[in-house]
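Reader: I have a structure to read and some first questions about it. Can we go through them one at a time?

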Amino acid sequence: MRQAPTWFPANEGAAGRGMAGAVALLLGALLAPCSGNSELSTAVNITWSSINFKTILQWQPQPTNYVYTVQISGVNADWEKECVHTKETECDVTDKMEKVKDTYTAHIVSEMLSRTETFEEPPYAISPKFTPYNQTTIGRPGIQTYELNDSKLKVVVEDPLTPYRFPNKSFKSIREIFKNDLEYTLYYWKDQSTGKKEATTESNQFEIRIDKGKNYCFYVQATILSRTENRKSQESNVNCTSHQTDVLDEYGTEMLIIIAAAAIVTLITIIVLSVTLYKCKKTKHAKEKETMPLNV
């Protein structure tokens with residue numbers, strides 16, 4: 001007859017064996033999830049990438065036999081899922097961060113697709129905190145129009161757009177979000193010169209006085225006044241005016257006098273040569289007439 005396990009009294013018979021089986025099943029259930037989690041890796045090197053409020057969460061490593069799910073929440077907000085069961089290592093979370101002044105945290109959850117339902121919470125990694133209003137990078141402003149008129153340069157700046165929309169579906173610009181916290185700086189200089197000047201405005205328009213008849217190059221850059229870091233936007237493209245400078249502006253009065261004098265000398269020379277040739281021709285014609293034989 002088979003001996004019962006030593007931790008159960010032998011005289012309990014079938015009851016002892018039943019209890020032993022129950023303990024074995026319980027130990028197996030407890031150990032199974034742990035052995036499964038040993039195959040999962042949690043995310044590392046978690047970073048936020050955000051330009052004009054379009055925000056991407058990125059991390060490592062690339063999953064092999066598991067997937068990721070991103071959970072994101074602002075302060076005192078419910079957790080929301082994004083990029084559920086993805087094998088990618090980035091997730092666009094822009095739609096979950098429209099309250100741009102809120103501070104957000106993300107959990108990147110590692111999960112086995114084939115895992116059975118258990119009471120164990122899957123492992124996850126926690127992102128750094130991110131506040132879009134303070135941390136998103138401001139992209140390159142555009143130059144909507146510019147005009148050189150006499151001694152004035154007028155420049156109209158085009159605000160970068162964000163992914164967020166008004167109820168009429170039109171996109172909000174950074175001006176609609178930052179309002180008076182946004183200003184622009186215009187950097188300008190004479191064409192082919194290294195001396196740079198600047199002007200600022202709280203609106204989208206510049207009107208500055210410049211030297212009449214000169215061409216200028218310029219670019220603009222936005223500043224978020226409330227920030228202590230990451231205050232400046234990317235720089236706009238450089239534009240240059242194409243004003244047609246006249247001879248006086250280009251060469252100065254002295255050069256103009258020299259050119260005028262040369263023109264006068266050339267004109268006098270032409271007149272003298274013309275008169276001389278005329279006289280020579282007339283004299284020659286007279287001599288030919290004298291030597292011509294008389295008709296009989």
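Reader: Is Phe53 buried or exposed?
Author: First, the ground rules. This is a predicted model, where local features need pLDDT of at least 70, side-chain atom pairs count only at pLDDT 80 or more, and totals for chains, interfaces and linings use all residues. Residues are numbered from 1 along each chain as its sequence is written, and side-chain values use heavy atoms, without hydrogens and water. Buried means under 20% relative accessible area, exposed over 50%, partly exposed in between (1.4 Å probe, protein chains only), and Phe53 has a relative accessible area of 1%, so Phe53 is buried.

Reader: Where is Phe53 placed?
Author: Strands (E, at least two residues) and helices (H or I, at least four) are DSSP runs, numbered from the N terminus. Phe53 is not a glycine, yet its phi is positive, about 75°. Its place is the loop between strand S1 (44-51) and S2.

Reader: Which peptide bond is cis?
Author: Look at Pro61, in the loop between strand S2 (54-60) and strand S3 (67-74). The bond leading to Pro61 has omega near 0°. The cis bond runs from Gln60 to Pro61.

Reader: What is the relative accessible area of Asp150?
Author: Asp150 sits in the loop between strand S8 (142-149) and strand S9 (152-158). Its phi is positive, near 60°, in a residue other than glycine. Asp150 counts as partly exposed, because its relative accessible area is 47%.

Reader: How many helices and strands are in the chain?
Author: The chain has 296 residues, and 32% of them count as buried. Its elements are 4 helices and 16 strands.

Reader: Which residues have the most contacts inside the largest nonpolar core?
Author: A nonpolar core is a set of buried Ala, Val, Leu, Ile, Met, Phe, Trp, Tyr and Cys residues joined through side-chain atoms within 4.5 Å. In soluble globular proteins, nonpolar side chains tend to be buried together. Here the largest core has 44 residues, and those with the most contacts inside it are Trp48, Leu57, Trp59, Met97, Phe178, Leu186 and Phe206.

Reader: Which strand gives the largest share of this core?
Author: The share in question is 5 residues. They come from strand S15 (residues 216-224).

Reader: Which residues is Phe178 in contact with?
Author: Contact means heavy atoms within 4.5 Å. Leave aside the neighbours of Phe178 within four places in sequence. The partners are then Phe53, Tyr133, Ile138, Ile224 and Arg227.

Reader: How many disulfides are there?
Author: A disulfide is a pair of cysteine sulfur atoms within 2.5 Å. Cys83 and Cys91 qualify, with sulfur atoms 2.0 Å apart. Cys217 and Cys240 qualify too, at 1.9 Å. The count is 2 disulfides.

Reader: Is Cys91 buried or exposed?
Author: Its partner Cys83 is partly exposed, because its relative accessibility is 22%. Cys91 has a relative accessibility of 1%, so Cys91 is buried.

Reader: How many residues apart are Cys217 and Cys240?
Author: The torsion about their S-S bond is about 105°, so this disulfide is right-handed. The pair links distant parts of the chain: Cys217 is in strand S15, Cys240 is in strand S16 (residues 239-240), and they are 23 residues apart.

Reader: What is the relative accessible area of Cys240?
Author: Cys217 is buried, because its relative accessible area is 4%. Cys240 is partly exposed, with a relative accessible area of 36%.
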